[in-house]
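I opened this notebook to record what I looked up in one structure. The entries go from the overall fold to single residues.

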Amino acid sequence: MRIGALSRRTGVSERLLRYYEEQGLLHPYRRPSGYREYQEGDVDVVRRIRTLLSAGLPTVLIAEVLPCMRNDGQKLIPTCAEMLDDLHKARARLSSVIDELSASRAVLDEVIAAAPPVVKPM
């Protein structure tokens, strides 16, 4: 299938599909004319990429772990034990970011709470 068909099937823009290719996440066949030709399995690959992106993984890490992921219904299952360390590190990084954002929110809550009440005109 061509890139437009893959875009329609996955809901991912053609521009993002080209970006995934640049990042080494997708590997379409190139026709002599230069057109990309995708396989049926690329639909699932794009869905795996989207899931891993939504989990907060950078594309560099996704490129490493993607070959070791398979779909099991609605979730991804890692198939290579050696990649679990990378996934745990990514989770720890996300936890750290969440902690920092929570602390920032607490400071902002304090600033808001210290503000004088707003007087509404009658």
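**Fold and dimensions**

I first read the order of elements from the N terminus, which is α-α-β-β-α-α-β-β-α. I note that the model is a predicted one. My tally of secondary structure is 5 helices and 4 strands.

I then looked up the overall dimensions. Along the principal axes, the C-alpha atoms fill a box of roughly 70 × 45 × 25 Å. The radius of gyration is 21 Å, whereas a compact globule of 122 residues would have a value near 14 Å.

I also recorded burial and surface for the whole protein. Of its 122 residues, 27% count as buried. The accessible surface comes to about 8700 Å², and carbon and sulfur atoms account for 56% of that area. Among contacts with a separation of 6 or more, 43% join residues that are 24 or more positions apart.

**Nonpolar core**

I next asked which residues have the most contacts inside the largest nonpolar core. They are Leu17, Tyr20, Leu26, Ile49 and Leu52, in a core of 24 residues. At least two core residues come from each of helix H1 (3-10), helix H2 (14-22), helix H3 (41-54) and helix H4 (59-65). I note that H3 gives the most, with 5 residues. As background, nonpolar side chains in soluble globular proteins tend to be buried together.

I followed Leu52 further. With neighbours within four places in sequence left aside, Leu52 is in contact with Leu57, Ile62, Val65, Leu66, Met69 and Leu76.

**Helix H5: two positions**

I turned to helix H5, which spans residues 84-114, and looked up Ala90, which lies in this helix. Is Ala90 buried or exposed? Ala90 has a relative accessible area of 7%, under the 20% limit, and therefore counts as buried. Beyond four places in sequence, I find Ala90 in contact with Leu57 and Leu61. Leu57 is also among the contacts of Leu52.

I recorded one distance from this position. Ala90 and Pro116 are separated by 26 residues in sequence and by 42 Å in space, C-alpha to C-alpha.

My second position in H5 was Val111. Val111 counts as exposed because its relative accessibility is 52%, and the cut-off for exposed is over 50%. I find Val111 in a nonpolar surface patch with Val107, Leu108 and Ile112. Together these four residues have about 380 Å² of accessible area.

I close with the pair side by side: in helix H5, Ala90 is buried, whereas Val111 is exposed.

Key. Residues numbered from 1 in each chain as written. Predicted model: local features only at pLDDT ≥ 70, side-chain atom pairs only at ≥ 80, totals over all residues. Heavy atoms only, no water. Core = buried A, V, L, I, M, F, W, Y, C linked by side-chain atoms within 4.5 Å. Buried < 20%, exposed > 50% of the residue type's maximum accessible area, 1.4 Å probe, protein only. Contact = heavy atoms within 4.5 Å. Patch = residues over 30% accessible without salt bridge, like charges linked within 9 Å, V, L, I, M, F, W, Y side chains within 5 Å. Areas by Shrake-Rupley, 256 points an atom, 1.4 Å probe, with all protein chains shown as cover. Salt bridge = Lys/Arg side-chain N within 4 Å of Asp/Glu carboxyl O. Rg over C-alpha atoms; globule rule 2.2 N^0.38 Å.
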